[in-house]
Amino acid sequence: KIGREGQLSTMSDLQDNLKYSKWDHIEVSDDEGDSHPNIDQKLMARLKKEKRARDYEEVRKRHPDAPDPIRAEELQTAANRCVVNSSNRETEAQKEAKKFKETGNKHFAKEEYNEAIDWFSKAIDLAKPDCEAGGSDARKQLAVYYNNRAAAHWNLERGEDAIADTTAAIKLDFRYVKARLCRAKVHEARGEMKQAFDDYKRAMSYEHTNKTAREGVDRLQEAVDKLSEERLIEITIPDEIPENRTIKYNVPGHGEIELELPEDALPGQTIRLQMEDEGEQEPEEEEGGGGLHKHADLYQKSLDTYFKDKIFNNIFSERWGKMQYEARLAVIDRTFDAMVQQTITNTTGYKMSKADLFLLCPEIAPDNREKMAKEPQHFVQICKLCIADTDEKARIWLEDHKEALSNTQIAFGMRLQFQISVNTEGGIEVMAPIRRLLVAETLVCVFEALTGKKAAEMEHMRNL
């Protein structure tokens with residue numbers, strides 16, 4: 001159905017030995033008619049389906065060895081069925097919880113906030129066991145219940161409860177912009193400008209055109225800059241520097257601090273320090289090194305699952321082995337390039353240039369893609385090496401390639417405020433899980449394209 005560039009191809013557009021490759025991504029949906037209101041949708045869908053069937057029979061006559069298109073009903077065993085690209089089925093408790101939420105919404109609309117809180121609480125209590133054990137869709141639904149209750153709390157001026165509920169919602173759905181904006185509003189009203197600013201900025205990184213987030217950032221930028229200036233203190237290095245190069249200094253509002261002086265520090269010099277505010281909220285898990293390690297481990301486990309699961313391994317092996325070189329390269333290019341684009345345009349976590357990405361992860365660079373497409377087993381071997389990779393192995397690899405990576409820079413942190421490299425102190429420690437994650441997540445995309453199974457739907461990924 002599609003050619004190398006993803007466009008509809010005619011039989012004459014393709015070389016004779018490649019014509020059946022256009023069935024690599026056959027669609028079987030009945031609802032693909034044109035959206036114009038004057039067109040009979042069912043008729044258009046039927047005609048298109050019949051044309052596909054005729055084209056397919058013609059292909060089969062010319063190429064009897066062509067693989068059959070994958071359909072959802074083929075992903076079935078005697079015990080269970082895997083539904084491709086489907087949401088997790090709702091339990092009865094989840095369905096009932098939605099009704100409780102709707103009742104809570106009605107009370108909220110009438111400004112009956114205590115009653116709304118009661119119904120949202122019932123929805124949370126009923127849905128929580130199933131949602132926390134379910135997939136990402138279930139967790140997002142539970143996040144909605146928490147955020148709705150937070151809004152009701154805030155309308156009753158219960159700031160602490162509102163922050164607790166929005167935080168719970170964000171832990172369930174890290175990119176839940178509505179919850180971030182709600183928490184930002186509460187923080188701002190309580191005079192907690194830095195926390196509010198961070199939430200507005202994070203929300204804006206997820207939705208660049210969000211007007212509320214943009215206005216919040218613009219409104220609080222001056223106040224946050226002023227706070228930063230107020231936290232700057234100046235320390236004069238004493239005339240005699242201790243042998244351990246550590247001095248003690250009494251900072252108003254912070255008490256006595258210990259400061260280890262850099263090697264090039266000289267007596268009489270003045271040092272400016274940015275003091276932390278003890279009231280600031282803790283960094284969220286996704287930004288910490290632990291988050292990167294966890295993400296890398298989970299994507300490696302996903303990759304391993306595709307090989308160990310009999311159904312998906314059979315689907316992958318059947319399709320990957322029978323594809324022609326051009327078809328394999330098209331799948332690799334499409335999936336790899338999507339990940340590359342995501343990495344070079346990332347606004348939170350980490351970001352780097354395309355050239356630096358290919359130096360850090362040569363497995364997904366264009367030169368290696370050619371070999372993967374020409375030699376199907378080479379791709380499998382790359383996957384096996386990725387599954388076996390660890391932070392220790394990644395650090396050794398980075399050390400071995402330190403010279404080639406000397407100019408590679410990664411912007412790191414929630415606001416991409418840190419520049420790290422293999423030559424930065426602690427840089428290799430941070431880059432090791434990033435390398436593991438990027439390679440594993442990119443390879444996983446190929447399996448998602450060929451099997452129809454999203455890694456996010458796997459059991460071990462539900463708490464990601």
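Contact here means heavy atoms within 4.5 Å. In this predicted model, Glu441 touches Tyr299, Met339 and Gln342, leaving out residues up to four places away in sequence. The chain has 464 residues, of which 45% count as buried, and contains 16 helices and 7 strands. Helix H16, where Glu441 is found, recurs in the points below.

**Whole chain**

- Among contacts with a separation of 6 or more, 65% are between residues 24 or more positions apart.
- About 25500 Å² of the chain is exposed, and carbon and sulfur atoms supply 48% of that area.
- The structure holds 19 salt bridges.

**Helix H16**

- H16 covers residues 427-451 and has 25 residues.
- From its first C-alpha to its last, H16 reaches 36 Å, close to the 36 Å expected at 1.5 Å a residue.
- The helix is mostly covered, with 22 of its 25 residues buried.
- Glu441 has a relative accessible area of 13%; the cut-off for buried is under 20%, so Glu441 counts as buried.
- Gly452, just after H16, takes a positive phi of about 80 degrees.

**Salt bridges between separate parts of the chain**

- Arg435 and Glu363 meet through their side chains in a salt bridge of 2.7 Å, N to O.
- This pair links distant parts of the chain, 72 residues apart: Arg435 lies in H16, and Glu363 lies in the loop between helix H12 (354-360) and H13.
- Arg435 and Glu363 are both buried.
- Salt bridges that share partners also join Glu160, Arg190 and Glu192 into one network.
- A further salt bridge is formed by the side chains of Arg369 and Asp333, at 3.2 Å, N to O.
- Arg369 belongs to helix H13 (residues 366-374) and Asp333 to helix H11 (residues 325-344), so this pair ties together parts that are 36 residues apart in sequence.
- Both ends of this bridge are buried: Arg369 has a relative accessible area of 4%, and Asp333 has one of 16%.

**A salt bridge within one helix**

- The side chains of Asp218 and Arg214 meet in a salt bridge of 4.0 Å, N to O.
- The two residues sit 4 residues apart in helix H8 (residues 211-230), about one turn of the helix.
- Arg214 is at 41% relative accessibility and therefore counts as partly exposed.

**Nonpolar cores**

- Nonpolar side chains in soluble globular proteins tend to be buried together.
- The largest nonpolar core has 55 residues, and those touching the most other members are Trp320, Leu360, Phe379, Leu398, Leu443 and Phe447.
- At least two residues of this core come from each of helix H9 (289-308), helix H10 (310-322), H11, H12, H13, helix H14 (376-387), helix H15 (391-400) and H16.
- H16 gives the most to this core, with 13 residues.
- Leu360, setting aside neighbours within four places in sequence, is in contact with Met352, Trp397, Leu398, Leu405, Ile410, Met431, Ile434, Arg435 and Leu438.
- A second, separate core has 28 residues, including Ala123, Ile124, Ala143 and Tyr145.

Definitions and conventions: Residues are numbered from 1 along each chain as its sequence is written. This is a predicted model: local features need pLDDT of at least 70, side-chain atom pairs count only at pLDDT 80 or more; totals for chains, interfaces and linings use all residues. Side-chain values use heavy atoms; hydrogens and water are left out. Buried means under 20% relative accessible area, exposed over 50%, partly exposed in between (1.4 Å probe, protein chains only). Accessible areas come from the Shrake-Rupley method with a 1.4 Å probe; for residues, only the protein chains shown count as cover. The expected span of a helix is 1.5 Å times one less than its number of residues. A nonpolar core is a set of buried Ala, Val, Leu, Ile, Met, Phe, Trp, Tyr and Cys residues joined through side-chain atoms within 4.5 Å.
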